[in-house]
Amino acid sequence: MTVIRIGTRGSKLAMAQTTTVARGLESKTGVETEIIPIATQGDRSMESLSQIGGQGVFANALRDSLLAGECDVVVHSLKDLPTAEVPGLTIAAIPKRADERDVVCARDELTLATLPAGARVGTGSPRRQAQLRSRYPELEVVDLRGNIDSRLAKVTGGELDAVILAAAGLARAGRAAAITEYLGIAGWPTAPGQGALAIEVRTGEEKLAAVLDHKPSRTKTDAERYVLAFLDAGCSAPLGAHAVIDDGLLFLDARVYALDGSHYFTSSHALYVNDVDDPPREAAQRVSDELLAQGAGELAGVRA
Ligand SMILES: NCc1[nH]cc(CCC(=O)O)c1CC(=O)O
């Protein structure tokens, strides 16, 4: 029997999520899988992501390996995947999305509202930095990189009072016990595609992973990612987007922040998925047009 080779980043988080995908493929199709860790520039360098030159630092090495035939399937965190199509590659599956919220891991069970003024809150994400400055201007934002364990260690070690992370990543890494607050999605929209994985294959080989595709998760994350594409924004742009499907209605909400937290632009639209040809694209087009009409194109990270 042939073995499906699954390429992944080597981080603990990536290995955990890829193992879940491998188990899913094995149990649904009876295939055998082998996991192949691939080092990416984003893993090797500790410089800030904007320094390395941003987009796709995590994804490109995986894609090269797939195109070179060194593996058959790669697993990405969808939010780290640039929106531009890559010739020869196709997303065969977006599995059922996990929790898309951001969370706070603070000392002493504290929350953003109960941390004292001047408390040091770590995050390397421009969106999270802008959201912190906008909602909690009395807190000090500290730029931060590194894996989940090293970030949490800065709180237990006393160097920081809190860090902001993705709920999904913490759960996959087995560190959900460190969470002290879940940030409500309406007041704190997260990165397009956050909480979802993307399983990519060489075009024509979609059958290798299509069984793991979850249609609602794909529709929602497509809508969020089209906003990223229409705004010409990178994965590190200060943009939050969130889609919901309820009773055939697709809701899409997006917010673009000034990096200093001084202001933001927001737009939302709802449409019946049966009323238009490409609901995610249509919803995102309306939201993006409105954001640009408001002046969002002037903000850092947009139309860069
Ligand atoms: N950019 C880092 C990144 N990429 C994917 C996740 C995990 C969450 C997810 O899969 O969406 C994280 C960590 C974080 O944002 O805290």
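This briefing describes the domains, the two sheets, the ligand surroundings and two individual residues of one protein chain. The model is predicted. The protein chain is divided into domain 1 (3-95 + 196-213), domain 2 (102-182) and domain 3 (227-295). The shell around the ligand draws at least three residues from each of domain 1 and domain 2.

**Domains and their contact**

- The centres of domain 1 and domain 2, taken over C-alpha atoms, are separated by 27 Å.
- Eight residues from domain 1 and nine residues from domain 2 take part in the contact between them.
- On the side of domain 1 that touches domain 2, helix α1 (residues 12-29) gives the most, with four residues.
- That side of domain 1 divides into four nonpolar residues, three polar residues and one charged residue.

**The five-stranded sheet**

- Five strands form an open sheet in the order β2-β1-β3-β10-β4, and their pairing is mixed.
- Strands β2 (32-38) and β4 stand at the edges with a single partner strand each, so one side of each has no neighbour in the sheet.
- From one strand to the next, the twist averages 35°.
- As general background, strands of a sheet pair through backbone hydrogen bonds, either parallel or antiparallel.
- Strand β3 (residues 73-77) pairs with β10 in the antiparallel sense over five bridges.
- Within this pairing, V74 has E200 of β10 as its bridge partner, and V75 stands opposite I199 in β10.
- Strand β4 (residues 89-93) also runs antiparallel to β10, and four bridges join the two.
- Here the bridge partner of A93 is I199 in β10. Residue I199 therefore stands opposite V75 in β3 and is also the bridge partner of A93 in β4, because β10 lies between β3 and β4 in the strand order.
- Five of the six residues of β10 are buried, so this strand is largely enclosed by the rest of the structure.
- Helix α4 (residues 59-67) lies across β1 (3-9), β2, β3, β4 and β10, and runs at about 170° to β3.

**The three-stranded sheet**

- A further open sheet has three strands in the order β11-β12-β13, with antiparallel pairing.
- Its edges are β11 (239-246) and β13 (264-272); each has a single partner strand, so one side of each is left without a neighbour in the sheet.
- Neighbouring strands of this sheet are turned by 10° against each other on average, direction ignored.
- Strand β11 and strand β12 (residues 249-257) run antiparallel and are joined by eight bridges.
- In this pair, G240 has R255 of β12 as its bridge partner.
- Helix α5 (residues 126-135) packs on the sheet and touches β11, β12 and β13, with its direction at about 80° to that of β12.
- Helix α8 (residues 215-230) also packs on the sheet, where it touches β11 and β12; its direction makes about 150° with that of β11.

**The surroundings of the ligand**

- The residues around the ligand are S77, K79, D80, L165, A166, A168, G169, Q194 and G195.
- Two elements, β8 (162-166) and α7 (167-172), give two or more residues to this shell.
- By type, the shell divides into three nonpolar, four polar and two charged residues.

**Two residues in loops**

- W188 is placed in the loop between β9 (181-182) and β10 (197-202).
- W188 has 23 other C-beta atoms within 10 Å; the residue counts as buried because the cut-off is 20 or more.
- Leaving aside neighbours within four places in sequence, W188 is in contact with D102, Q131 and L183.
- W188 and V103 are 85 residues apart along the chain, and their C-alpha atoms are separated by 10.0 Å.
- P82 is found in the loop between β3 and β4.
- P82 has 19 other C-beta atoms within 10 Å; this residue is partly exposed because a buried residue needs 20 or more and an exposed one has 12 or fewer.
- The C-alpha atoms of P82 and N60 are separated by 9.4 Å, and the two residues are 22 residues apart along the chain.

Key
Residues are numbered from 1 along each chain as its sequence is written. This is a predicted model: local features need pLDDT of at least 70, side-chain atom pairs count only at pLDDT 80 or more; totals for chains, interfaces and linings use all residues. A residue is near a molecule or strand if its C-beta atom, placed from the backbone, lies within 6 Å of it. Ala, Val, Leu, Ile, Met, Phe, Trp, Tyr, Cys and Pro count as nonpolar, Asp, Glu, Lys and Arg as charged, and the others, Gly among them, as polar. Domain bounds come from an automatic or database domain assignment. Two residues are in contact if their C-beta atoms, placed from the backbone, lie within 7 Å. Two strands pair if DSSP finds at least two bridges between them. Axes are lines fitted to C-alpha atoms, for helices over the stretch in contact, and angles run from 0 to 180 degrees between N-to-C directions.
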